[in-house]
Amino acid sequence: MTLQAQNLADAKRLAEAGRHFEAEKIYNAALAKNPDNLEALIGAGYNYSWAKQHDQAREKFEAVLAINPDNAEALVGKGYNLAWAGQYAAAKYPFQALERLQPGNAEARKGLGYVYLWQGNGLVAIDYFEKLILEYPKEIEYYIALAQSYLIESKIKKARVALQSALQIDSTNRVANELLENSYGIVAPLELDIWTGYSKTGDVGSFNLRTVQLTGQVAKKLRMFLKYDNSLTLDLASLVRSNQEAQAFSLGAAIPWSGRLTSRFEYGTRILPDNVTQQIFSTEQVYFYQPEF
């Protein structure tokens, strides 16, 4: 490695560590010797962008693109720099240009996904990150971004599923763990869940509604739900064969005491064939275990 290459590598490490002024001096020295040094221009652009000096960063990226309009690193850097400056509409163009040059480029699609996410358009961001996950199922960053996109759209349960998938890849990931824990304090004001099912016993089959649950946030630390449960109708072979039903109606509550501790209570009535009724009561204490390594 030449001395200049070593200096630029050192500058990059300093920039990534947040030591922007020290990195800037090295980049400036390299550019004083050769103003068209693409590696130094790109490095300086990222360093300025991370330091929130967006105008200076834009100048560096545009200098690279004036020399080589197809430079992928400069297009990506310019896109993120514009997005971090809040210029979301303009930020899409460099990523779109890269996607035209390299169809299917993951960095271009990721960049567009983030721009829509930061712009507050969760639905479009979801589409980008879902497709990226299908292609790169081990990339934890995409699961976290997908969860953030779901949260924007108040799809809390789907966000948790995405984060739990991320933690299956790396259970120690700090961002995923914190976002998952925080999600239990960010809930939709009203949720409706509907489950259906199909059961077959011998030659007799039955497709029916299984469960309907309406859940609402009635206080900061209290969620209550109304539930219709038709599970036994599908699960008991004798009822399937006789085409009878066993339905339950209940009222319940969930109280999150902390990010890891939640209590749940449920009370209701089950109506069996021949007008037989049963009282239902259940309670559970849930602890969300977070291992430390």
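**Exercise 1. Find the backbone atom that the side chain of Glu 153 reaches in this predicted model, and describe the surroundings of Glu 153.**

*Solution.*
Step 1. Start with the side chain: that of Glu 153 comes to 3.5 Å from the backbone nitrogen of Leu 123.
Step 2. Now place the residue in the fold. Glu 153 sits in the loop that joins α9 (140-152) to α10 (156-169).
Step 3. List the contacts beyond four places in sequence: Gly 120, Asn 121, Gly 122, Leu 123 and Ile 126.
Step 4. Classify the exposure. The relative accessibility of Glu 153 is 27%, and because partly exposed covers the range between 20% and 50%, Glu 153 belongs there.

**Exercise 2. Compare the span of α10 with the expected one, then work out where its buried residues lie.**

*Solution.*
Step 1. Take the 14 residues of α10 at 1.5 Å a residue, which should give 20 Å. The expected span uses one less than the number of residues.
Step 2. Check this against the model: the end C-alpha atoms of α10 are 20 Å apart, in agreement with the expected value.
Step 3. Pick out the buried residues of α10: Ile 156, Ala 159, Arg 160, Ala 162, Leu 163, Ala 166 and Leu 167.
Step 4. Look down the axis of α10. These buried residues fall within an arc of 160°, so they line one face of the helix.
Step 5. Recall the helical repeat: with 3.6 residues a turn, residues three or four places apart point the same way.

**Exercise 3. Decide whether Ser 263 is buried or exposed, and find the partner of its side chain.**

*Solution.*
Step 1. Locate Ser 263 in strand β5, residues 261-272.
Step 2. Use the cut-off: Ser 263 has a relative accessible area of 4%, and since buried means under 20%, Ser 263 is buried.
Step 3. Look for a polar partner. The side chains of Ser 263 and Gln 285 make a polar contact at 2.8 Å.
Step 4. Complete the picture with the residues that Ser 263 touches beyond four places in sequence, among them Ala 253, Trp 257 and Glu 284.

**Exercise 4. Identify which residues touch the most other members of the largest nonpolar core, and which element gives the largest share of that core.**

*Solution.*
Step 1. Of the 58 residues in this core, Tyr 27, Phe 129 and Leu 146 touch the most other members.
Step 2. Turn to the elements: α9 supplies the largest share, nine residues.
Step 3. Zoom in on Phe 129. Its contacts beyond four places in sequence include Tyr 114, Tyr 142, Ala 145 and Leu 146.

Notes: Residues numbered from 1 in each chain as written. Predicted model: local features only at pLDDT ≥ 70, side-chain atom pairs only at ≥ 80, totals over all residues. Heavy atoms only, no water. Helix = DSSP H or I, 4+ residues; strand = E, 2+ residues; numbered from the N terminus. Buried < 20%, exposed > 50% of the residue type's maximum accessible area, 1.4 Å probe, protein only. Polar contact = N/O pair within 3.5 Å; in protein donor to acceptor, adjacent residues only side chain to side chain. Contact = heavy atoms within 4.5 Å. Core = buried A, V, L, I, M, F, W, Y, C linked by side-chain atoms within 4.5 Å. Arc of directions from axis to C-beta.
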